[in-house]
Structure formats: C-alpha cells, structure tokens
Amino acid sequence: MKKIEAIIKPFKLEDVKDALSNIEVTGMTVHEVKGYGRQQGHSELYRGAEYVVDFLPKIKLDIVVADENVDKVIATIMEAAKTGKIGDGKIFVSEIERVIRIRTGEQNEDAI
C-alpha cells in the first residue's frame with residue numbers, strides 16, 4: 001500500500017475529487033494548509049500599507065491506495081489539478097506498513 005499526498009490549489013479540489021471518484025477512489029483526507037515554494041507569495045495592499053504574503057493557501061490530500069493503483073491515481077490527480085501555471089503543487093508517495101479500520105478491525109487492503 002502507498003500513501004499519496006498531493007498539494008494542490010484550493011479551487012482545484014472539486015475537480016480532483018470528481019476525477020478520483022470516476023476511477024472509484026472514494027476515501028481521502030483533506031487539509032487546508034499554507035505553503036511556500038517557487039510561487040514566492042505575492043504583495044497585497046491593506047489600508048494603504050503594502051505587505052508580502054509568503055505562505056499561500058493550498059489543499060493537501062491524503063489518499064491510501066493499493067500498490068497497483070498508484071500510477072492511475074497520480075495521473076488522475078495531475079490531470080485534474082494542472083493549470084500550467086506556477087504553484088500547481090506537488091505529489092509525494094510513501095510506503096504504508098499497516099492500515100486498521102477502527103470500527104470493524106479490518107486490516108490493510110480490506111481497510112482502505
């Protein structure tokens with residue numbers, strides 16, 4: 001099993017969720033996060049004073065999938081989240097040793 005963590009632009013969340021539903025990925029955790037990268041933030045004017053916003057709002061998705069579905073899920077996220085502009089995000093993949101569904105006690109692939 002693999003954990004896919006995707007950092008995307010907030011307005012792309014519904015597109016990604018719908019695309020993942022179309023390939024029958026139904027479970028994910030969504031976090032509202034802030035990040036700093038190549039996008040470098042931006043300047044804003046507030047009551048006549050200019051200030052720099054370094055950390056921009058992003059959405060982080062956590063999705064655990066069986067090994068055979070990893071490439072399909074990554075391709076789906078990339079297609080749905082891409083705008084072609086800086087700040088589209090990143091995808092991280094890591095190994096998951098064990099998953100347990102608390103309600104039933106199911107483990108690993110049965111618990112996804």
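1. Let's start with helix H1, residues 13-22: its buried residues are Leu13, Val16, Ala19 and Leu20. They span an arc of only 135° around the axis, so they sit on the same side of H1. Bear in mind throughout that this is a predicted model.

2. What do the buried residues of H1 pack against? Three strands and a helix turn up here: S1 (2-8), S2 (29-35), S5 (56-65) and helix H2 (70-81).

3. On to the largest nonpolar core, which has 18 residues. Val16, Leu61 and Ile77 have the most contacts inside it. Two or more residues come from each of S1, H1, S5 and H2, and H2 gives the largest share, six residues.

4. Val16 deserves its own point, since it shows up both among the buried residues of H1 and among the residues with the most contacts inside the core. Leaving aside residues up to four places away in sequence, Val16 touches Ile8, Leu61, Ile77, Ala80 and Ala81. Two of these partners, Leu61 and Ile77, are the other residues named for having the most contacts in that core.

5. Now for a charged residue: Asp62, in strand S5. Asp62 is buried but has no salt bridge. The nearest side chain of opposite charge belongs to Lys60, 4.1 Å away, and the salt-bridge cut-off is 4 Å, which is why that pair doesn't count.

6. Which side chain does make a polar contact with that of Asp62? It is His31, at 2.8 Å. His31 is also on the list of residues that Asp62 touches, along with Lys3, Ile4, Glu5, Met28 and Thr29; residues up to four places away in sequence are not counted there.

7. A backbone item next. H1 is followed by Glu24, which lies in the loop between H1 and S2. Phi of Glu24 is positive, near 65°, in a residue other than glycine. For context, most residues other than glycine have a negative phi. Is Glu24 buried or exposed? With a relative accessibility of 71%, Glu24 counts as exposed.

8. Asn108 is another residue other than glycine with a positive phi, near 55°. You'll find Asn108 in the segment after strand S6 (90-95). Its relative accessible area is 26%, so Asn108 is partly exposed.

Methods. Residues are numbered from 1 along each chain as its sequence is written. This is a predicted model: local features need pLDDT of at least 70, side-chain atom pairs count only at pLDDT 80 or more; totals for chains, interfaces and linings use all residues. Side-chain values use heavy atoms; hydrogens and water are left out. Buried means under 20% relative accessible area, exposed over 50%, partly exposed in between (1.4 Å probe, protein chains only). Helices (H or I, at least four residues) and strands (E, at least two) are DSSP runs, numbered from the N terminus. The arc is that of the directions from the helix axis to the C-beta atoms. Contact means heavy atoms within 4.5 Å. A nonpolar core is a set of buried Ala, Val, Leu, Ile, Met, Phe, Trp, Tyr and Cys residues joined through side-chain atoms within 4.5 Å. Lys and Arg count as positive and Asp and Glu as negative; His and the chain ends are not counted. A polar contact is a pair of N or O atoms within 3.5 Å; within protein, one must be able to donate a hydrogen and the other to accept it, and residues adjacent in sequence count only if both atoms are side-chain atoms.
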